[in-house]
Every structure is written in C-alpha cells, then in structure tokens.
Amino acid sequence: AVGMPNLMQARQKAQESRCSSNMKQLALGMMMYAQDHDERFPKANAWQAQITPYVKDQGIFHCPVDGKPGTSYAMNQKLSGMSMARVTDPAHTILFYESSTSGSSPNGIGADLDARHNGEFVVAYVDGHVETRSGSLDISEFRLDNAVHTAPVMAPPTHPRAPQAKPRKQPARTRPTKTRHR
C-alpha cells in the first residue's frame, strides 16, 4: 500500500506529459495550416476541422484526464483569422489552453480554463512551445491590447539636449577592376 501514492503520482505525471505532447502536436498542426494559408490562423470557431488534415492522430484533441467527450483544448479567439505577422510576441501569446468547454472547436480567452492536472494546466504558445503552469492566466497573455499592433511601434523620443548619434557614412562603392590577360 506504500507504493500506491508513488504509482498514482507516476500515472498523473504520464497523463500530464501526454497532454503536453497533444498540445505540441496541435501547435505544430496550426503552424503547418498557417503556412499553407497565407500565414493566417483559421477562424476560431472552426479551428479543429481546419487543422485536422495536419495532425496524424485524432486523439490529440482530447486530454487523457478530461472525462468529457469532445475537444479538451480551446484556441485563443483573439487570433481568429489573423495574420501570424501581427503577433509581435509569439513566445508570450497563448495559442491553445486546456478548456472546460467541450465540443467542436472550443475557443475563448481563458475564462473556461481547466486546471485538470492537480491544479496545473498545459498551455501552447504561438511560437510552438508548451508549458505546464499553475494558478491562472494573465489576460495580457491573450494579447488583447499589446501583441496585435495596428500602427507601427515608434521609438521613444529622445531628450532635446541628448547627443544624437550621427549617421554612418557609407563607404564609396568602387567598381571592380578588370585584369587584362595577355
């Protein structure tokens, strides 16, 4: 009976690892989809059907711990139909998260987050990396206001008395000399 807690912990860790693997495969499937569709994410309400041709195993849409049928993961709805180039911080922008909403193509901005791995949950980011986290998600990770820029990012103004860097002078271009062979 002493070994039972260790066995349970090992099983839970294996399920969490499988969930992380599922998320990684979903993120890779999403990247392949985007490459074939003008670097755009699919519409959030149809993401599952859109990336299905890019994944080998349909089982990756379901977390091994989730007791409900259907898809266990939700897509960040703020990315719906968006160009990947508009995401300025892909390493900190959530692509998929574990969701309590099931069905086909769940999407949202984290209100339905499901920490089903002993208070921890798995998250995939736009750059493709996956993390197991605890606590809650910060709404800024869905990048409602600071990852999707409609205007170019401007450099901060310099102080009027601060020395300005002088532009470098470009070296003069010289024509290559032709060597005459006799």
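Two rings of Phe, Tyr or Trp count as an aromatic pair if their centres lie within 6.5 Å. With that in hand, let's explore this predicted model together.

Q: How many aromatic pairs does a search of the whole structure find?
A: Ring centres within 6.5 Å are what make a pair. Searching the whole structure on that basis gives a total of four.

Q: Is the aromatic pair of Tyr33 and Tyr54 stacked or edge-to-face?
A: The two ring centres are 6.1 Å apart, and the planes meet at 85°. Planes over 60 degrees apart fall in the edge-to-face class, while those under 30 count as stacked. The pair of Tyr33 and Tyr54 is therefore edge-to-face.

Q: How many residues apart in sequence are the parts that Tyr33 and Tyr54 tie together?
A: Tyr33 belongs to helix α1 (residues 4-36). Tyr54 sits in the loop between α2 (47-51) and β1. The pair therefore links parts whose separation in sequence is 21 residues.

Q: Is Tyr33 buried or exposed?
A: The cut-off for buried is under 20% relative accessible area. Tyr33 has 8%, so the label that fits is buried.

Q: Which segment holds Phe142, the ring partner of Tyr97?
A: Tyr97 and Phe142 form an edge-to-face pair, 5.5 Å centre to centre with 90° between the planes. Both residues are buried. Tyr97 lies in strand β2, so the pair ties β2 to a part 45 residues away in sequence, the segment after β5.

Q: What is the order of the five strands in the open sheet?
A: Let's build it from the pairings. β1 (residues 73-76) pairs with β3 (residues 107-108) in the parallel sense, and with β2 (residues 94-98) in the antiparallel sense. On from there, β2 runs antiparallel to β4 (residues 120-125). Adding β5, the sheet with its mixed pairing reads β3-β1-β2-β4-β5.

Q: Which strands stand at the edges of the sheet?
A: An edge strand here has a single partner strand, so one side of it is left without a neighbour in the sheet. The strands that fit are β3 and β5.

Q: Which residue in β4 stands opposite Phe96?
A: Phe96 in β2 is the bridge partner of Met75. Three bridges also join β2 to β4. Across in β4, the residue opposite Phe96 is Ala124.

Q: What does Ile139 count as at 43% relative accessibility?
A: Ile139 is placed in the segment after β5. Buried means under 20% and exposed means over 50%. At 43%, Ile139 therefore counts as partly exposed.

Notes. Residues are numbered from 1 along each chain as its sequence is written. This is a predicted model: local features need pLDDT of at least 70, side-chain atom pairs count only at pLDDT 80 or more; totals for chains, interfaces and linings use all residues. Side-chain values use heavy atoms; hydrogens and water are left out. Two strands pair if DSSP finds at least two bridges between them. Helices (H or I, at least four residues) and strands (E, at least two) are DSSP runs, numbered from the N terminus. Buried means under 20% relative accessible area, exposed over 50%, partly exposed in between (1.4 Å probe, protein chains only). Rings of Phe, Tyr and Trp (its six-membered ring) pair if their centres lie within 6.5 Å; planes under 30 degrees apart count as stacked, over 60 as edge-to-face and the rest as tilted.
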